[in-house]
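Colleague: I am new to this structure. Can you walk me through some of its features?

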Amino acid sequence: MAKHSAEVVVEGLKKILLNVQEELDEKVQSKVEKLIAELQGREHHHRHHPPCDHDAQRLDDGFHFFKTHIFDKHRECFNELAKAQHPKFLVFACSDSRVSPSVVLNFKPGEAFVGRNIANMVPQFDRVRHTEIGSVIEYAVKSLEVDNILIMGHSRCGGIERLMSLPDQTQTYDFIDEWVKIGLPAKKKVLEEAGDLPIEQQLTLCEKESVKNSMGNLLTYPFVRSAVVNGTLTLRGGYYDFVNGDFEQWKMCTKPCHP
């Protein structure tokens with residue numbers, strides 16, 4: 001697998017050189033060629049890293065810790081997981097490095113099927129756009145038959161901050177601005193109901209309101225709506241405040257909800 005991956009990267013870099021060689025200055029071209037040579041040299045020695053490659057060593061150390069302290073001590077569990085997975089939760093969380101749901105909610109391997117994106121948003125059902133999100137939901141609900149879908153928001157979310165700052169002519173993004181517009185209904189509600197509050201409080205309110213907006217969007221997926229109506233699926237919202245170390249949650253039910 002490592003050899004195959006290296007070959008794919010090498011071929012991609014070679015295509016870049018062929019396509020834009022005239023546009024690359026000598027310094028950049030030299031770096032690309034050096035990278036190709038390094039990758040080709042590692043195909044058969046991918047586990048041996050140069051002394052200066054601390055990031056590669058960090059990855060090896062991390063896996064060694066997992067293998068020694070978790071995998072090897074729970075072989076029976078991992079043997080069962082190798083046969084099939086039966087998670088109870090589908091979790092949508094932010095890509096923010098501070099809010100890993102497996103860490104924050106102490107999920108064990110096999111407990112949660114996870115999708116992460118900017119600002120933990122779920123768009124409305126659309127067979128053409130945002131199919132990467134739709135495929136995650138579809139597989140979790142129709143194949144894995146999860147019991148819960150959790151949308152987990154968090155404090156100081158950069159995606160929500162960007163949403164609240166739009167339109168911003170001082171800086172543009174190719175992908176982020178269009179993506180966070182999924183949360184425009186949440187922004188609209190916050191501005192209408194709390195537009196006179198300090199921006200910090202507006203951001204917190206929007207972080208939570210955006211979770212509710214995504215929960216509503218989940219119901220535009222026919223198979224989600226059907227499972228919720230049938231009582232086999234619960235939609236949950238959560239908010240992790242990593243400033244104060246708090247977590248709150250709520251849920252959407254078609255029948256009377258019990259805490």
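Modeller: What follows is a set of questions and answers on a predicted model.

Colleague: Start with α9 and α10. At what angle do their axes cross?

Modeller: Helix α9 covers residues 184–194, and helix α10 covers residues 199–218. Their axes come within 8 Å. The crossing angle is roughly 135°.

Colleague: Is α9 oblique to α10 or roughly antiparallel?

Modeller: The axes cross at roughly 135°. Angles over 145 degrees count as roughly antiparallel, and 65 to 115 as roughly perpendicular. The crossing falls in neither range, so α9 is oblique to α10.

Colleague: Is that crossing left-handed or right-handed?

Modeller: Handedness is a separate matter from the angle. For α9 and α10, the crossing is right-handed.

Colleague: Into which classes do the residues of this contact divide?

Modeller: On the α9 side, the contact includes Pro-185, Val-190 and Leu-191. On the α10 side, Leu-205, Cys-206 and Glu-209 are among the residues met. The contact residues divide into seven nonpolar, three polar and three charged.

Colleague: Now the open spaces. What is the volume of the second largest pocket, and how does its lining divide?

Modeller: Its lining includes Phe-125, Arg-129, His-130 and Lys-181. Pro-185 and Asn-213 line this pocket too, and both also belong to the contact of α9 with α10. The lining divides into four nonpolar, four polar and four charged residues. The volume of the second largest pocket is about 190 Å³.

Colleague: How many cavities of 30 Å³ or more are found, and what is the volume of the largest cavity?

Modeller: A search of the whole structure finds one cavity of 30 Å³ or more. The volume of the largest cavity is about 40 Å³.

Colleague: Which elements each supply at least two residues of the lining of the largest cavity?

Modeller: Ala-119, Asn-120, Gly-153, His-154, Cys-157, Ile-160, Glu-207 and Ser-210 line the largest cavity. By class, that lining has three nonpolar, four polar and one charged residues. The elements that each supply at least two are β3 (148–154) and α10.

Colleague: Asn-120 is in that lining. What is its phi?

Modeller: Asn-120 sits in the loop between β2 (112–117) and α6 (131–143). Asn-120 is not a glycine, yet its phi is positive. The value is about 45°.

Colleague: Last one. Which residues does a cis peptide bond join?

Modeller: Look in the loop between α7 (158–165) and α8 (176–180), where Pro-167 is placed. Omega of the cis bond is about -5°. The residues joined are Leu-166 and Pro-167.

Definitions and conventions. Residues numbered from 1 in each chain as written. Predicted model: local features only at pLDDT ≥ 70, side-chain atom pairs only at ≥ 80, totals over all residues. Heavy atoms only, no water. Axes fitted to C-alpha atoms, helices over the stretch in contact; angles between N-to-C directions. Helix = DSSP H or I, 4+ residues; strand = E, 2+ residues; numbered from the N terminus. Parallel < 35°, antiparallel > 145°, perpendicular 65-115°, else oblique. Left-handed = near helix turned anticlockwise from the far one by under 90°. Contact = heavy atoms within 4.5 Å. Nonpolar A, V, L, I, M, F, W, Y, C, P; charged D, E, K, R; others polar. 1 Å grid on protein atoms, 1.4 Å probe; cavity = no way out; pocket = protein on both sides within 12 Å on 5 of 7 lines; lining within 4 Å. Points joined across faces, edges and corners; volume = space filled by probe spheres on them.
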